[in-house]
Amino acid sequence: MKSVFLRLASSGIKKNKKLYIPYIISCIGSVMMYYIVTFLSESPAIKQMSGGTNLSLVLGIGKFVIVIFSLLFLFYTNSFLNRRRNKEFGLYNILGMDKKGICRVICWESLIVTLISIGAGLLAGIAFSKLAELCLLYLCKAQASYSFAIPPKTIYYTVTLYAVVFIALFIKSVIQVLRSDPLDLMKSESAGEKPPKANWVFAILGVLLLGGAYYLSITTESPLTALIVFFIAVIMVIIGTYMLFMAGSVALCKILQKSKKYYYKKNHFVSVSSMAYRMKRNGAGLASICILSTMVLVMVASTASLYFGANDCIKARYPQENQVSLHLYDVDNIKEEKASKYRSEFEKVFDKYSVKPQNVKEYGYASIMGLLSDKKLDPDSQGKANSALSFKDLRGLYFMDETTYNRNTGKNVKLNKGEAMVYTIRCQYDKGTIGMNDAQFNIVGALDTYPVLSDAQVAVTPSIMVVIHSMDELKPLQGLIDYNGDPMLTIRWYYGYDLKGSDKVAASVFDDILDSLDNINELKQADGGYSYTSDCLAKSRNDFYYTFGGFFFIGGLFSIMFIFAMAMIIYYKQMSEGFEDMKRFEIMQNIGMTKQDIKKSINSQTLTVFFAPLILAGIHFCCAFPPIWKLLQLFNLQNLTLVIIVSAIAFVIFGLIYMAIYKATARAYFSLVSKKE
């Protein structure tokens, strides 16, 4: 008997190869993708890179995303497969095979698919894993390793995971058979033939949700708020898209059917009437296609912009190639008499290496964080900014005296005590005064330039640069502490410079400068001590390329996966509808419809429905562009023209891929419905 069930299983796969081959390819692709990402996350060549640990962590997160997506995608495509096979299983049951026998057929089918999928997926993964590693190392501008290995642990993880996935798919199919009677199975392919009613409430609600999401995306100003609002808007867009396609598409069909000039044409009649019968299921599939399309556009545009704009990000992040920022606890410690002693120790290091620093920037400044209220900025002494609702009101204030400002900009600003001039970054400030508590200043003008402060440049909060007469005016703020008991006013002395020569020499000079800080008695004796932060482009340049290259690689990998999933959804949607439309088109051919008329009907359906997801995805992406741009600015990407060009190219390329996918699946649909079976 075992051979009978095995024969039925293998013949069932062969007879339904139009459904099984794409499904098996999907399974092989999922296994291959998981193996490759797992291989990369454990690759010694990547972990040994500077910053490779962070890249391995990103790949580990990507591995988790692939697992979740594989589960959703394979269960989704498996449902199409079961829908077609249920009629065959119902026939087996009517002819005398009990449900236990049907389950044995399903078991053999599942075993065949599992062995092919895992075996071929592993072989493909092993074959392409080294190529993927070389591509990743190339994108990261890292040195390639040409040694090849097949990690047993990676094979074990892949086989175990997907064995569990296929067992779960088998259990789902068995439960479906056990819960159904033969007649239900025979009719399952035609289920859902009752046309749904137009749900105007859900259609309008979907439009309102999308409109609300678009409004949030377009009107959000703060990059920090954009980070929160973006995820809220994404949820609203997903729900709104499903409502619009599932309810709005039904309403659209009803409107088209009422238009006699449009509906009563042979190239529109069949497509619109058949869509009206299945639109609820169609709507879900079209919404999924639209969401996947939007995800691809967002990922490709953002990661490609970061990768190709890496040099711009580096220039913005490093106004000077080497930067040291001393953290002090009294404004007296950043005055010239103290600063000259810090500087002299650095100059000793330059003399030791016989190098001359260029583009030197040196200044003392102070910063404090506050919440913007109706009348003033209040210090966050109670940690009120921890509330997500307060993020939009959070501002960073950076103070510098007029002498330091004039020396670093070549300007000639003159201020009296209690006066200030301001310069804003990523925000606007139109109030007449600025400051906190007993350190309030009257704003007498706006600045057109400002020395670039590295911590303000990378801060996620909007910043206000303030020039005042003397740093002594900030002493009333030195006693403020936050809810953790730490001083709220941060006082720093910054020294930045460029250095000609090799990265190796620049790194050595920089390391000696950091060591020289221990020789400065004024720092050791300063009230509260000191600490420092430092950045050296020669030592950090590779980290930027590794990070942005890794993002680009992961974004490309996920985009391929999502495009493939979208192609499978379109294909199975076409095929499932093709099986359902065969009888309708056969009847229409019997009364005179030609194959040319069938092609026109299919084209009508294409124009009516299948390009709607692409168009709406384009609208989603355009409305998501403002928060995407603000989030990219957090990575110090300031080249808006580059981001627009990359986004436009991404949309054009994706549109061409989308059209190619549809043409390929439409041919399969046409070959199915044009036959008289």
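These notebook entries record what I looked up about aromatic ring pairs in this predicted model.

Entry 1, the count. I began with the total and found that the structure holds 24 aromatic pairs. I then took single pairs in turn, noting for each the distance of the ring centres and the angle of the planes, since a pair of aromatic rings is described by these two values.

Entry 2, Phe399 and Phe441. I looked up this pair and noted that the rings are 6.0 Å apart, centre to centre, with 50 degrees between the planes, and that the pair is tilted. I placed Phe399 in strand 4 (residues 394-401) and Phe441 in strand 7 (residues 439-446), so the pair ties together parts of the chain that are 42 residues apart in sequence. For Phe399 I read a relative accessible area of 0%, which means that Phe399 is buried; Phe441, at 2%, is buried as well.

Entry 3, Tyr423 and Tyr450. Here I noted a stacked pair, with 6.3 Å from centre to centre and 20 degrees between the planes. Tyr423 lies in strand 5 (residues 419-425), while Tyr450 lies in the loop between strand 7 and helix 15 (454-458), and the pair links distant parts of the chain, 27 residues apart. I then checked the accessibility of both residues: Tyr423 counts as partly exposed because its relative accessibility is 27%, whereas Tyr450 has 9% and therefore counts as buried.

Entry 4, a cluster. Finally I followed ring pairs from residue to residue and recorded that they link Tyr342, Phe346, Phe350, Trp493, Tyr495 and Tyr497 into a cluster.

Notes: Residues numbered from 1 in each chain as written. Predicted model: local features only at pLDDT ≥ 70, side-chain atom pairs only at ≥ 80, totals over all residues. Heavy atoms only, no water. Phe/Tyr/Trp six-rings, centres within 6.5 Å; stacked < 30°, edge-to-face > 60°. Helix = DSSP H or I, 4+ residues; strand = E, 2+ residues; numbered from the N terminus. Buried < 20%, exposed > 50% of the residue type's maximum accessible area, 1.4 Å probe, protein only.
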